[in-house]
Amino acid sequence: MKILSVDTGIKKYPIYIDSSYGSLLSAFEEAGLTGRSVCIITDTNVEPIYADEITALLEGHFTRISRYAFKAGENSKNLSTISDFYKFFIDNHLDRKSVLIALGGGVAGDMCGFAAATYMRGISFVQLPTTLLAQVDSSVGGKTGVDFLGNKNMVGAFYQPDFVYINTSTLNTLPYREVAAGLAEAVKHGYIRDKSYLDFFLENREKIKALDSGALAEVVYGSCRIKSDVVSRDEKETGLREILNFGHTFGHSIETLSDFKMLHGECVAVGMLAALCFSHSRGTVSSEDIQRCRELLEYFELPVGIHDFDISAIYAQMFNDKKTKNGVISIVVLRSIGDAYSDKTAGEAEIKAALEYICK
Ligand code: ADP
Ligand code: ZN
C-alpha cells in the first residue's frame, strides 16, 4: 500500500492506494471514525459489485451501516437525488457524528460529498473511488456538487473528505471506455507538472492498456501525487490549481455541444491536443510533441479529432465556461512539457487555429 497526503492548511487527510479493501477498516480506525453510524452512497451499477464486500468488512465496528443506491449515470446528479439522500438520512437517524461513504465514480463522489457538506451543516465523509477518472482526479481536492438546469457542477461546495481509499482492483470491472477516459486526465497531469510521469505513459502504454496492476498503481499514485500537491498549494483555485484545466476550456465546450454523449475524459483528450497546438503557436512545444500526444491518445482509443462540429460554435461556447470571467477566456498553455500556466490573452484567431487541428 502507498499513502499520500493532502494538506490544504485547514484540513489534512491521507490518500491510501491499495490493490484491495484489506486495509479499509484500519483507515477508518486511523481517522477515528469507527463506532458511529455510516451510510454507503453508491450507484446501481457499483452496488451489486462492491457494497456487500465493504459492508462485511465494516460490520461490528459501527453502530449501524445503511446503504443508498441511486440510479447510475450523470442524469442522477441533481438536487432531487440529494433531496432523496437527506430523506434517507433522516429515516436512518444519521446525526452530526455519522459518516458517509462515497462508493463509485465521480458522480457518487461529487454527490455524496455535497450531501456531507450540507447535511446538518456538514458531517464526515470518505471517498472510495471506483472509476479511474475518480481515482486520478475527482476524489482528490474536495470539489463536490451537482448539475443544475443542464449546467455541469453549477451548485456545490469545496468540502474535503476525511480520507480517500483507492482500491485499484476495482478497475477490473470498469468498461474500457471509462478506463480510457480516466487515462486522459492522468496524461494531462504529466503535461502540466511532471515530464517523467508523462514518459512513464509513453514507455508503458501496452501494460497500462492491458490494465497491468503494477502499471495502474503507478498511474494512480503518480496522478494523486501531482493532484494532491497542486490542491494543497491552492485549494480554492485562486492560482496554481487553474493549471488542472489544461485542455478543459476546449474540452468543456465540446462536451456541452456533444450533448454530453462524449465522456468528460474523451473531451479532455481532444481538448488537450488543441491546447498543445495552441502552445505550439506560442512557440513552446514542438510539432513532434503534438504528434506524440496524438499517438498516445489514439493508442488508448481516445478521440483525437471531432467530426461535424462547427468551430465558431465551439468558440462561442467557450464564453459560457465557468472559468471565463468578464468575457476573458482562460487557456492553460505549456511553457514546456511538465510546466504550465493559465493564459488570459488568447485571441479569437489563435483559438480557432488550434480548433482547426482537431475539427475534421
Ligand atoms: P465518472 O467517474 O467518470 O465521473 P460515473 O460515476 O458516472 O462517472 O461512473 C461511470 C460509469 O461507470 C457509471 O455507469 C458507473 O456506474 C460505472 N462504474 C463505476 N465504477 C465501476 C466499476 N468499478 N466497475 C464497473 N462499473 C463501474
Ligand atoms: Zn476534468
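This text leads the reader through a predicted model of a protein with a zinc ion and a second ligand.

In this model, local features need pLDDT of at least 70, side-chain atom pairs count only at pLDDT 80 or more, and totals for chains, interfaces and linings use all residues. Residues are numbered from 1 along each chain as its sequence is written, chains are lettered from A and ligands numbered from 1 in the order in which they are written, and side-chain values use heavy atoms, with hydrogens and water left out.

We begin with the metal site. The zinc ion (ligand 2) has as its protein donors Glu 185 (OE), His 248 (NE2) and His 264 (NE2), which lie 1.9 to 2.1 Å from the ion. Donors are N, O and S atoms within 2.8 Å of the metal (3.2 Å for Na, K and Ca); water is not among the atoms, so sites may look incomplete. Along the chain, the donors follow the spacing E-x62-H-x15-H. His 248 lies in helix 10 (residues 248–257) and His 264 in helix 11 (residues 264–281), so the pair ties together parts that are 16 residues apart in sequence. Here helices (H or I, at least four residues) and strands (E, at least two) are DSSP runs, numbered from the N terminus.

Both histidines are buried: the relative accessibility is 7% for His 248 and 18% for His 264. Buried means under 20% relative accessible area, exposed over 50%, and partly exposed in between (1.4 Å probe, protein chains only). The side chains of His 248 and His 264 also make a polar contact at 3.2 Å. Such a contact is a pair of N or O atoms within 3.5 Å; within protein, one must be able to donate a hydrogen and the other to accept it, and residues adjacent in sequence count only if both atoms are side-chain atoms. Leaving aside neighbours within four places in sequence, His 248 is in contact (heavy atoms within 4.5 Å) with Glu 185, Lys 188, His 264, Val 268 and Asp 321.

The next stop is ligand 1. This ligand is surrounded by 16 residues, of which the closest are Asp 43, Gly 106, Thr 130, Thr 131 and Thr 173; a residue is near a molecule if one of its heavy atoms lies within 4 Å of it. An oxygen atom of ligand 1 is 2.7 Å from a polar backbone atom of Gly 106. A nitrogen atom of the ligand is 2.7 Å from an N or O atom in the side chain of Thr 130. Helix 2 (47–58) and helix 4 (106–118) each supply at least two residues of the shell.

Thr 130 leads on to Thr 170, since these two residues are in contact. Thr 170 lies in the loop between strand 9 (164–167) and helix 6 (176–193) and is buried, with a relative accessible area of 1%. The side chain of Thr 170 makes a polar contact of 3.2 Å with the side chain of Gln 135.

Finally, Phe 260 is found in the loop between helix 10 and helix 11. At 36% relative accessibility, Phe 260 counts as partly exposed. Phe 260 and Lys 152 are 108 residues apart in sequence, yet 9.9 Å apart in space, C-alpha to C-alpha. Not counting residues up to four places away in sequence, Phe 260 touches Gly 150, Lys 152 and Glu 255.
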